[in-house]
Amino acid sequence: MALLRNAAQGFRSSFHRFASSGCTIYSLSSGNVKCGVSVIRVSGPQTKKALRAIVGNKEYEPKARQAYLKSFFHPASKEMIDRGLLLWFPGPASFTGEDSCEFQVHGSLAVIAAMLDALGKVDGLRPAEPGEFTKRAFFGGKLDLTEVEGLADLIHAETEAQRKQALLQSTGALGRLYDNWRRRLIRCAAHLEAYIDFAEEEQIEGGVILQLTKELNAIKREIREHLSDQRQGELLRDGVRTVIIGAPNVGKSSLLNLLCQRSVSIVTDQAGTTRDIIETMHNFGGYPVVFSDTAGLRRNTTDTIEQEGIQRAKDCLAQSDMVLLMTDAKAIREINHEDSVSQFVDNYLKELDIPLDLCNGKRLQLVANKTDTLSSTEIQQLEKLSNVLAISCHKPDNISGFLGNLEKHLQELCGEPRAESPRITNTRYRQQLERCIEHIDVFLRDYNPDRYPDMAIAAAKLRNSVRCIERITGHVSCEDILDVVFKDFCIGK
């Protein structure tokens, strides 16, 4: 118990040192480019002093969360800088939890520079460090770490699906799920602490331990279900890495140019034109895709540059999430059964000198290009095979079926963001959740009610499971455990 109190006190003192630094910060919050309106934000104890200095009125008392059209002046020269909107947000009802204000001014670089210079002349103000407003919001209890990272993802979102997922996370969907597990684990840890320390003198029944183990098993099942998401959230956040591979001159570069609707790769009739990896990010049906064009794969080449290109292509394949395996449509025009297609894929990969296990766990789609060289009967035969996408890069008007199938693959890989079942979006979350389960498993394995030393060790493992969740959300549980102990068991009453 003393260890928990000391840890809680250490965190509280760190927070108070941060909160009591006395610094008021300011920064441009909108993009640093020419625009119609730019927003400059101020946060900290000297905010009201700053806004009074800028409006040129030491007695000015704005009402909270109302917009005022004001003239802004330089506090040193008294020269008017601009005329714009002023908004005042007294703490704690602000983004950071501190007194804050915003100046909305015309977005020229000269106006922005003059406003920042003016704020710099106010005593007690300094420029904000990168991310410092959000950091203050976190320390002020306005956001947990998942919401902070969700906000960063929302700022960087490039597709509609990314926006939806980031918005859910930034508004607490993921944080609420993790906080639910955290609170339940804290309760389990608190009940165990009470049982170890006070069972005899306070007559706490042993049945509480049975209930504790049931609850831990339930939490463990829920976390494992959450982990079995096929990395959908991470794929949506980072983009589905899609590699285009195949033999030389089957149309890989042509397909990349067609998908991106611009000339990204050089296309010629000469085999081996592409040597290095060519990557491009693309918004495909609202899903982020990183397409990679690669060197044509073949055995026994003596060209050292081509050999390096082939090795890079294989390395790119190893890091991919989806594989578009391209072949000449003539190579499979005689195939009339889907099982034969699977056999062709295996043989084709061997022909390209690609180990079959290199494609394990990846979404693989066979793409038959150059259907313009086939007869109408042969094309119809190919189109009957559900595991083959037949296209002609020379006839882009006829690839709607291919694009629809590709979008379907992306939907299945990334899923649809939903508030009722938020997904893991960060490898850090996954690692901590896996460790949390490990600590719960160790506790359930080592716990022995007849051997108190082992119980104390097991209790430490249970506290470690709580800390794993806290490393995701940024909470501190030591004081919370104590609160539950005294609330639930009324120790010493």
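# A tour of the predicted model

Start by selecting Asp339, which counts as exposed at 56% relative accessibility, because the cut-off for exposed is over 50%. The model on screen is a predicted one. Asp339 sits in helix α12, which covers residues 338-351. Now add Asn387 to the selection: Asp339 and Asn387 are 48 residues apart along the chain, and their C-alpha atoms are separated by 9.5 Å.

**The whole chain**

Zoom out to show the protein chain, which contains 17 helices and 12 strands. Of its 493 residues, 47% count as buried. Among contacts with a separation of 6 or more, 67% are between residues 24 or more positions apart.

**The six-stranded sheet**

Next, select strands β1 to β6. In what order do the strands of this open sheet lie? The order is β3-β4-β5-β2-β1-β6, and the pairing is mixed. The edge strands are β3 and β6 (125-127), each of which pairs on one side only. From one strand to the next, the twist averages 30°.

Keep the sheet displayed and add helix α2, residues 47-55. Helix α2 lies across β1 (24-28), β2 (35-43), β3, β4, β5 (100-107) and β6, and runs at about 65° to β3. Then add helix α3, residues 109-120. Helix α3 also lies across β1, β2, β3, β4, β5 and β6, and its angle to β5 is about 150°.

**The hairpin of β3 and β4**

Narrow the selection to β3 (residues 67-73) and β4 (residues 80-89), which run antiparallel and are joined by seven bridges. Two of the partnerships can be picked out by residue. Tyr68 has Leu86 in β4 as its bridge partner, and Phe73 is bridged to Met80, also in β4. Between the two strands of the hairpin there are six residues. Select Lys78 in this hairpin to find a positive phi near 65°.

Follow the chain onward into the loop between β4 and β5, where Pro92 is placed. Select Gly91 together with Pro92: the peptide bond joining them is cis, with omega about 5°.

**Glu102 in the sheet**

Move to strand β5 and select Glu102. Is Glu102 buried or exposed? Glu102 is buried, because its relative accessible area is 16% and the cut-off for buried is under 20%. Show the residues around it. Not counting residues up to four places away in sequence, Glu102 touches Val39, Ile40, Arg41, Leu85, Leu86, Leu87 and Phe89. Leu86 in that list is the residue already seen as the bridge partner of Tyr68.

**Gln162 in helix α6**

Now go to helix α6 and select Gln162. Its relative accessible area is 9%, so Gln162 is buried. Which residues is Gln162 in contact with, leaving aside its neighbours within four places in sequence? They are Ala157, Leu236, Arg237, Gly286 and Pro288.

**The cavity**

Stay at helix α6 for the next stop. Rolling a probe the size of a water molecule over the atoms shows where empty space is left. A search of the whole structure finds one cavity of 30 Å³ or more. The volume of the largest cavity is about 80 Å³. To see its lining, select Gln165, Leu168, Gln169, Ala173, Leu174, Pro417, Arg418, Ser421, Pro422, Arg423 and Thr425. The elements giving two or more residues to this lining are α6 (160-170) and α7 (173-202). Helix α6 provides the largest share, three residues. Colouring the lining by residue type gives five nonpolar, four polar and two charged residues.

**Two loop residues with positive phi**

Two further residues are worth selecting in turn. Asn249 lies in the loop between β7 (240-246) and α10 (252-260). Although Asn249 is not a glycine, its phi is positive, at about 60°. Its relative accessible area is 32%, so Asn249 is partly exposed.

The last stop is Lys370, in the loop between β11 (363-369) and α13 (376-383). Lys370 is not a glycine either, and has a positive phi of about 70°. How accessible is Lys370, and what does it count as? At 26% relative accessibility, Lys370 counts as partly exposed.

Key:
Residues are numbered from 1 along each chain as its sequence is written. This is a predicted model: local features need pLDDT of at least 70, side-chain atom pairs count only at pLDDT 80 or more; totals for chains, interfaces and linings use all residues. Side-chain values use heavy atoms; hydrogens and water are left out. Two strands pair if DSSP finds at least two bridges between them. Helices (H or I, at least four residues) and strands (E, at least two) are DSSP runs, numbered from the N terminus. On a 1 Å grid over the protein atoms alone, a cavity is a set of points where a 1.4 Å probe fits but cannot get out, and a pocket is an open set with protein on both sides within 12 Å along at least five of seven lines; lining residues have an atom within 4 Å of a point. Grid points are joined across faces, edges and corners, and a volume is the space filled by probe spheres set on the points. Ala, Val, Leu, Ile, Met, Phe, Trp, Tyr, Cys and Pro count as nonpolar, Asp, Glu, Lys and Arg as charged, and the others, Gly among them, as polar. Buried means under 20% relative accessible area, exposed over 50%, partly exposed in between (1.4 Å probe, protein chains only). Contact means heavy atoms within 4.5 Å. Axes are lines fitted to C-alpha atoms, for helices over the stretch in contact, and angles run from 0 to 180 degrees between N-to-C directions.
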